[in-house]
Amino acid sequence: MEECYKNINNLAENSLMLKKVLDLSLKGLQIVDKDGFLIYVNESYGKIHNVKPDEVIGKHVTEVIDNTRLHIVARTGIAERDDIQFIHGHEFVVSRIPIIDNHNNSIGAIGVIRFEYTEELKKLNRKVEKLERELQNATIKQQKHTDTNYSADDIIAVSEISRKSKEVAFRAAASDSTVLLLGESGVGKEVYAHSIHNLSKRNKAPFIRMNCSAIQESLFESELFGYEEGAFTGARKGGKRGKFELAEGGTIFLDEIGDMPMNTQSRLLRVIQEREIERLGGEKTTKIDVRIIAATNQNLEKLIEEKRFRRDLYYRLNVIPITIPPLRERILDIPVIIKRIWEDLQKKHGVYHKSLDYSAFRFLEKYEWPGNIRELKNILERAMAIVNRDGVGEEQLRTIIRGYQEFRSDYCIREDCDLAKLIEQTERSAISAALVRANNNRSKAAKNLGISRALLYKKMHLYNMF
């Protein structure tokens, strides 16, 4: 019995010692369960947040901590290390680490404050960013053929369906086979095309993009294959190299391939088969070494039935098809995509004090996103520019999305779209764009629009844009 009491006392002493260690070594320690409810906090946490630790246990972390994302980390299982967070008006560098069980499931998360983000650290960070930009510029100059904007890191794939598409893209990058990217508008087909090129052995060679829906039909062949001097009236002296010649040794990305005219499809088929081109007005053929990546948001098989797309060209392009799922089918990706876009927008516009609260994330996860990632980015950029408060929530996002949907559905296509409605939609769009460009500086936005600040405020009040 005496030995039993001794073990109990040792256990109590060890528990007390462990608590002291946690209080002394970890600043602002907090632990939440998988649903985001606090299950443990240490003493320094209480001092920082001016609360008693015992009183916050059991509360949702969003009720206690400003701008927290700990509940999101607990839900997604994705760590967020050395992130900047505003707490009671001060900047702190925090880390949020998921707790993963033996079955690789997230069962909670741990949050700690690394240190306060002081002015000295800000200056040091700016110096590091400057050096990184200089290094990046030097790399670009050294690799002058690198014409891409995205890498594999830009493909966010948390959900199973996204991971499968990303894996196929990685495997495709290792070969020289033609790739056909399929998916709705705005899902990120161009990001995949850039990433495949950057992962391929052609990554030091050119990446040339051509949007087939943005070229006049009469200019298609001259754009793709080039022309010789005197090939037609107005032809440039000395001729012009086409996209295929410019892409020699690298990759040509034919976006919106479904909009390519039938006569150009015939010539493209021959280029794929023979691996040679002939300029307009020319008499000689030139061998080419180019990898083709095509993309479309259309149903090519349906276009074939309608005699608008060549069946034989379809088979030549459809060597490695990659279907990119729409955003509504990849719910687990949405929080990570939102965080990435929001951080990019903060850097772009220099707005670091605004954040998305818990209700915003929950709302954005449930929205259908007919415009996919492109629409999500537009909505978040509008929120950052227009919402006149630090915390952006569900209510503000609902208003922005409702206006976005009205503009998209009403603008010049509804039968009852009268002049007054058209003017309203146009002014809404122009004011939103001006505010974004001016980083929400309304005086600058008014100047860019060529109107007075008073008139801008009047219009914003009229259209409920505050």
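1. Which residues does threonine 251 touch, not counting residues up to four places away in sequence? In this predicted model, the list is His197, Arg202, Pro206, Phe207, Ile208, Val290, Arg291 and Ile293. Threonine 251 lies in strand β8. With a relative accessible area of 0%, threonine 251 is buried, because the cut-off for that class is under 20%.

2. Some overall figures give the setting. The chain holds 20 helices and 14 strands. Of its 466 residues, 43% count as buried. Among contacts between residues at least 6 apart in sequence, 63% join residues at least 24 apart.

3. Alanine 205 belongs to the loop between α8 (189-199) and β7 (207-211). Its relative accessible area is 13%, so alanine 205 is buried. The C-alpha atom of alanine 205 is 9.8 Å from that of valine 290, although the two residues are 85 apart along the chain. Valine 290 also appears in the list of residues touched by threonine 251.

4. Alanine 74 is a second case of a buried alanine, here in helix α5 (residues 70-76). The relative accessible area of alanine 74 is 1%, and therefore it counts as buried. Leaving aside residues up to four places away in sequence, alanine 74 touches Val32, Asp33, Lys34, Ser106, Gly108 and Ala109. Isoleucine 107 lies 33 residues from alanine 74 along the chain, and their C-alpha atoms are separated by 6.7 Å.

5. Next, the backbone. Most residues other than glycine have a negative phi. Glutamate 256 has a positive one, near 50°, and is not a glycine. The residue sits in the loop between β8 (251-255) and α11 (262-274). Is glutamate 256 buried or exposed? At 15% relative accessibility, glutamate 256 counts as buried, because the value is under 20%. A reader checking this loop may start from β8, the strand that also holds threonine 251.

6. Tryptophan 369 is another residue other than glycine with a positive phi, about 55°. Its place is in the loop between α15 (358-366) and α16 (372-386). The relative accessible area of tryptophan 369 is 0%, so this residue is buried.

7. Aromatic pairs come next. How many aromatic pairs are there? The count comes to four. In one of them, the rings of phenylalanine 225 and phenylalanine 244 have centres 6.0 Å apart and planes at 5°; the pair is stacked because planes under 30 degrees apart fall in that class. The pair links distant parts of the chain, with phenylalanine 225 in helix α9 (residues 220-225) and phenylalanine 244 in helix α10 (residues 243-246), 19 residues apart. Phenylalanine 225 counts as buried at 0% relative accessibility, and phenylalanine 244 is buried with a relative accessible area of 1%. Tyrosine 367 and tryptophan 369 form an edge-to-face pair, 4.5 Å centre to centre and with 85° between the planes. Both tyrosine 367 and tryptophan 369 are buried. Tryptophan 369 thus has two entries in this note: a positive phi and a place in an aromatic pair.

8. Now the packing of two helices. Helix α19 (residues 442-449) packs against helix α20 (residues 453-462) at an angle of about 100°, and the axes are 9 Å apart. Angles of 65 to 115 degrees count as roughly perpendicular, so α19 has that relation to α20. On the α19 side, the residues in contact are Arg442, Ser443, Ala445, Ala446 and Leu449. These meet Arg453, Leu456, Tyr457 and Met460 in α20. By class, the contact has six nonpolar, one polar and two charged residues.

9. Which residues of α19 are buried? They are Arg442, Ala445 and Ala446. Seen down the axis of α19, these buried residues fall within an arc of 100°, and therefore they line one face of the helix. An α-helix has 3.6 residues a turn, so residues three or four places apart point the same way. Arg442, Ala445 and Ala446 are also among the α19 residues that meet α20. Just after α19, glycine 450 takes a positive phi of about 75°.

How values were computed: Residues numbered from 1 in each chain as written. Predicted model: local features only at pLDDT ≥ 70, side-chain atom pairs only at ≥ 80, totals over all residues. Heavy atoms only, no water. Axes fitted to C-alpha atoms, helices over the stretch in contact; angles between N-to-C directions. Helix = DSSP H or I, 4+ residues; strand = E, 2+ residues; numbered from the N terminus. Parallel < 35°, antiparallel > 145°, perpendicular 65-115°, else oblique. Contact = heavy atoms within 4.5 Å. Nonpolar A, V, L, I, M, F, W, Y, C, P; charged D, E, K, R; others polar. Buried < 20%, exposed > 50% of the residue type's maximum accessible area, 1.4 Å probe, protein only. Arc of directions from axis to C-beta. Phe/Tyr/Trp six-rings, centres within 6.5 Å; stacked < 30°, edge-to-face > 60°.
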